[in-house]
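Please read the following model with attention to its surface and its ligand shells. A short dialogue follows.

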Amino acid sequence: MNVPTMASLFAEGKEPEVLFWVGCAGSFDDRAKKITKAFVKLLEKAGVSFAVLGTEESCSGDPAKRAGNEFLFQMQAVTNIEVMNGYGIKKVVTACPHCFNTLKNEYPGLGGNYEVMHHTQFLKQLLEEGRLTLQGGTFRGKRITFHDPCYLGRANNVYEAPRELIRKLDAELVEMKNCKQRGLCCGAGGAQMFKEAEKGDKEVNIERTEQALETQPEIIAAACPFCNTMMTDGVKNKEKEGAIAVMDIAELMSKAEDL
Amino acid sequence: MEYLPNILFAVLLIAGIGYFTRNVKKLRRNIMLGRDIDLSDNKPQRWKNMMRIALGQSKMVVRPIAGLMHIIVYLGFIIINIEVLEIIIDGLLGTHRVFAFMGGFYDFLIASFEILALLVIVAVVVFWLRRNALKLARFVKPEMKGWPKNDANWILYIELILMALFLTMNASDLQLQRMEVAHYTEAGSFPVSQWITPLFEGMSASTVVLIERSAWWLHIAGILFFLNYLYYSKHLHILLAFPNTYFGNLKPKGQFSNNDAVTKEVRLMMDPNADPFAAPAEDATPPDKFGASDVKDLKWVQLLSAYTCTECGRCTSECPANQTGKKLSPRKIMMDTRDRLEEVGRNMDKNKGTFVDDGKQLLDDYITREELWACTSCNACVEACPVSIDPLSIIMDMRQYLVMEQSAAPAELNAMMGNIENNGAPWPFNQMDRLNWASETA
Ligand code: SF4
Ligand code: SF4
């Protein structure tokens, strides 16, 4: 896969349309890397000129901030902003709602002002502009339920873009009893991803998976690498991994396009 | 002697309002103990939010049954209070039904008050059943034991009594009007209380007057009592919902504020030209305490919210941590904050207005670390709150204190943060491998 970096484009005197912010999960987590690749394939198909920061990218600082380490967060933010401003970045797209939220909302106060889009918003725009087309075939009539990531939904009021894309696949979108504004968390946010849960009588991801299973889906669609992990674990816990797939919206689209 | 009732009434009124004013002052002082935050921006949007959320109750109807009944009680409460204006004038001047000159419109007003009073009674009974017979999950959580539960019931009893007194007053008045007793001129229309009037038939005029006067006095005394009960109750929200929704957060919910004190330090560290031995700049106040361990470290708007909380538990019932049996309950976060703030306030009252260290704080003595670390920062509580309270902001401020002042994060989080510091990722991967995915097949 040939993925241009900002450094290499800069050396050639070129400026991409958009920076693809990959994020830590998208870079290192085996499951999330598949989402990253699926999204890159879609970008290539649509002929979008993009680049990544590659080794110049560093953690956005979201988990540090949510864990209470404001100092570490701001160090990360300021370092990243310095790199991005150095390249004159104007537009950023990312497949991680946590990076999306942090870059969009918390970087401006520290000198990083960019137009930041979540990949579902960006893909929807590509479809609307006719730069990307979708054949419905693969998922026609399939029951797909969508799990709202907290940091995309409630945190930033993006509910429609991912749903729009699922409908464009000609799939049957079935909603869970808790969706959109009242969507239940997968359990990973606020740095919970990196620690054991406190004592309780259930894991949050199991509760959410049960809600998803109530809709009798063939696919649980996610739009966040962390939600993806949590829901995948939940489905495995219920021994349903043979029947139900947990897939990112970008993966659904790239599969529909046979990429 | 003729003016005795008027004087008595004036004394009652002044005492009632005087004590209330004293409590409002205390409330203000306590809220102002919080850290400063400038919320004077965006006035039009703030007014709109207040109109929509507090006056229009837009968040209440998310749960349609409770929402509808709450609107009835709320409207009843506000509208019936127009009647209080008349009662106050009558009480001070010794008149009777001073607004009666409005004729047909007066009849209409009284009739609507009566119908509302009846609806309020129905709603109050249903509310009571929901709390005490159906025992809805959100009303029986651990933090609701004792006073919070009694408080909620007391409010319902007081409302019931006030409405009953109002209707009794009208019913006996109607009887006196029918008996053409002097002073009781024909006025008003009584679609509800006319059904109570038959109870008074056959009684002597003086007995009915006694009943009417007793109901009248108890009603106004009850209202003044209720006014002063507010400060000690979750019912304070009927007043504070307005400022709290006005000052509510306007930014996206995912945007947590950046700590400016930290920004200063970070800038200094990042700037290679900064002279570490340079004389401190003018605004170089000694570094604030990072985050919050007690109520005074919170912002005033968070303290206002603590007093505003209705203890409805909508936040807690949407909380993923609480739903899965963890100790965290966002409602408890707000109730603890209020309880501690009240404790600090009482401490100041006792010590001539200055706080004398009592060896306690919000952290540990009220809110445990276990609760704080169970939060997923999902914002479900913030979304659910009908009066724009943000319990999550308090949780985050307290985590900030734990990590930055005490280095007391759970070990796994320390490992995660160590990784970010050293490799720029929460996992132990090398930053130089960040693009490896592009060349990996499969
Ligand atoms: S933000 Fe925290 S306290 Fe609020 S609902 Fe989510 S997990 Fe519970
Ligand atoms: S914080 Fe809001 S939602 Fe939670 S109990 Fe208080 S008023 Fe209800």
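Q: Is B:Tyr19 buried or exposed, and where is B:Tyr19 found?
A: Buried means under 20% relative accessible area, exposed over 50%, and partly exposed in between, with a 1.4 Å probe and protein chains only. B:Tyr19 has a relative accessible area of 36% and is therefore partly exposed. B:Tyr19 is found in helix H1 (residues 4-31) of chain B; helices (H or I, at least four residues) are DSSP runs numbered from the N terminus.

Q: On what conventions do such values rest?
A: This is a predicted model, in which local features need pLDDT of at least 70, side-chain atom pairs count only at pLDDT 80 or more, and totals for chains, interfaces and linings use all residues. Residues are numbered from 1 along each chain, chains are lettered from A and ligands numbered from 1 in the order written, and side-chain values use heavy atoms, without hydrogens and water.

Q: Which residues make the nonpolar surface patch?
A: Such a patch joins nonpolar side chains (Val, Leu, Ile, Met, Phe, Trp, Tyr) within 5 Å, from residues with over 30% relative accessible area and no salt bridge (a Lys or Arg side-chain nitrogen within 4 Å of an Asp or Glu carboxyl oxygen). Here the patch covers about 940 Å² (Shrake-Rupley method), and B:Tyr19, B:Trp128 and B:Trp154 are among its residues. Helix H5 (147-178) of chain B gives the most, with five residues.

Q: Which residues come nearest to ligand 1?
A: A residue is near if one of its heavy atoms lies within 4 Å. Of the 13 residues around ligand 1, the nearest are B:Cys319, B:Cys375, B:Thr376, B:Cys378 and B:Cys381.

Note on methods: Patch = residues over 30% accessible without salt bridge, like charges linked within 9 Å, V, L, I, M, F, W, Y side chains within 5 Å. Areas by Shrake-Rupley, 256 points an atom, 1.4 Å probe, with all protein chains shown as cover. Helix = DSSP H or I, 4+ residues; strand = E, 2+ residues; numbered from the N terminus.
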